[in-house]
Amino acid sequence: MARYVITGATGGIGGATARQLHAQGHQVVLLGSDRARLDAATAALPGSEGLLLDLRDPAALAGGAAPLTAGGGAVDGLVHSAGLALLGSIADTAPETWTTQFTVNVVAAAELTRALLPALRAARGHVVFVNSGQGLRTNPGWGAYSAAKHAARALAEALREEERPHGLRVTSVYPGRTATGMQQSIRAQEGGAYLSEQYSSPESVAGAVVGALLSPGDMEITDITVRPGG
């Protein structure tokens, strides 16, 4: 039984990933920033662990994440599923919007990875970044979010090369539109209708994440692009 740490585990893709790993008999540690939602998600997965962490405060993450490795606790995999998408044109985007998105989508992921790196190295573990289609391209009105996701892709690629000697595997998953709470927020910002039947399900995207995590150790899946079908 492996032990996986998942950010954004009270939301769409992160929650689905936690459920699928739990169903296969693995230990899951759910990270979230809302106590009520975290408690509910943890209670729904008997034997799981929950840890309250605020990714908007990266300086506190190392201390906050310390219980994850206390007493030599193993970390076989880390899934960065939490994210923040605030849309707007370059002309209309204030500095704090850029800062907030880079903090949550990039800096917090880097710092949490750094905090758990000794345990990940010991397990010859796996880090998965749930990125976005915007990490591969850029559309008008998506500049700050897309820039953050491009930075997250660079973070994953640098980590992969730096940690290869330690046996770590690193995967980036690039979902298209997915039927999640974040997508509801995005559609509201775009002024459009939220049509869940036109999007990938969180469970389908999570299947790609879990497939990468559970792939044979003699291979490395570096990048997965997921788009709505039909």
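**Close-up views of pockets, a cavity and helix packing**

**View A. The largest cavity of the predicted model.** The largest cavity has a volume of about 110 Å³. The structure holds 1 cavity of 30 Å³ or more. Its lining comprises 14 residues; nearest the centre are His80, Ala82, Val104, Asn105 and Ala109. Helix 4 (95–123), strand 5 (126–130) and helix 5 each give two or more residues to this lining. Which helix gives the most? Helix 4 does, with 5 residues. By class, the lining of the largest cavity has 9 nonpolar, 4 polar and 1 charged residues.

**View B. Helix 4 against helix 5.** These two helices, which both line the largest cavity, also pack on each other. Their axes cross at roughly 15° and come within 8 Å. Angles under 35 degrees count as roughly parallel, and helix 4 and helix 5 are therefore roughly parallel to each other. The crossing of helix 4 past helix 5 is right-handed. On the helix 4 side, the contact is made by Trp98, Gln101, Phe102, Asn105, Val106, Ala109, Ala110, Thr113, Leu117 and Arg121. Helix 5 brings Gly143, Ala144, Tyr145, Ala147, Ala148, Lys149, Ala151, Ala152, Leu155, Leu159 and Glu163. In this contact, 14 residues are nonpolar, 4 are polar and 3 are charged. Two of the names recur from View A: Asn105 and Ala109 of helix 4 are in the contact, and both are among the residues nearest the centre of the largest cavity.

**View C. The largest pocket.** About 1,100 Å³ of space lies in this pocket. How many residues line the largest pocket? There are 45, and Ser81, Ala82, Gly83, Leu84 and Met182 lie nearest its centre. Ala82 is also listed nearest the centre of the largest cavity. Four elements supply at least two lining residues each: helix 1 (12–23), strand 2 (27–32), helix 5 (143–163) and helix 6 (181–190). Helix 6 gives the most, with 5 residues. The lining of the largest pocket divides into 21 polar, 16 nonpolar and 8 charged residues.

**View D. The second largest pocket.** Its volume is about 190 Å³. The lining includes Tyr4, Asp76 and the run Ala123, Arg124, Gly125 and His126. Gly167, Arg169, Leu213, Leu214, Ser215 and Gly217 also line the second largest pocket. Sorted by class, the lining has 5 polar, 4 nonpolar and 3 charged residues.

**View E. Helix 1 against helix 7.** Helix 1 also supplies lining residues to the largest pocket. Here helix 1 packs with helix 7 (residues 202–213) at an angle of about 55°, and the axes lie 8 Å apart. Are the two helices oblique or parallel? Helix 1 and helix 7 are oblique to each other, because an angle of about 55° falls outside the limits for roughly parallel, antiparallel or perpendicular. Helix 1 passes helix 7 in a right-handed crossing. From helix 1, the contact uses Gly12, Ile13, Ala16, Thr17, Arg19, Gln20 and Leu21. From helix 7 come Pro202, Glu203, Val205, Ala206, Gly207, Val209, Val210 and Leu213. This contact counts 9 nonpolar, 4 polar and 2 charged residues. Leu213 of helix 7 takes part in the contact and also lines the second largest pocket.

How values were computed: Residues numbered from 1 in each chain as written. Predicted model: local features only at pLDDT ≥ 70, side-chain atom pairs only at ≥ 80, totals over all residues. Heavy atoms only, no water. 1 Å grid on protein atoms, 1.4 Å probe; cavity = no way out; pocket = protein on both sides within 12 Å on 5 of 7 lines; lining within 4 Å. Points joined across faces, edges and corners; volume = space filled by probe spheres on them. Nonpolar A, V, L, I, M, F, W, Y, C, P; charged D, E, K, R; others polar. Axes fitted to C-alpha atoms, helices over the stretch in contact; angles between N-to-C directions. Parallel < 35°, antiparallel > 145°, perpendicular 65-115°, else oblique. Left-handed = near helix turned anticlockwise from the far one by under 90°. Contact = heavy atoms within 4.5 Å.
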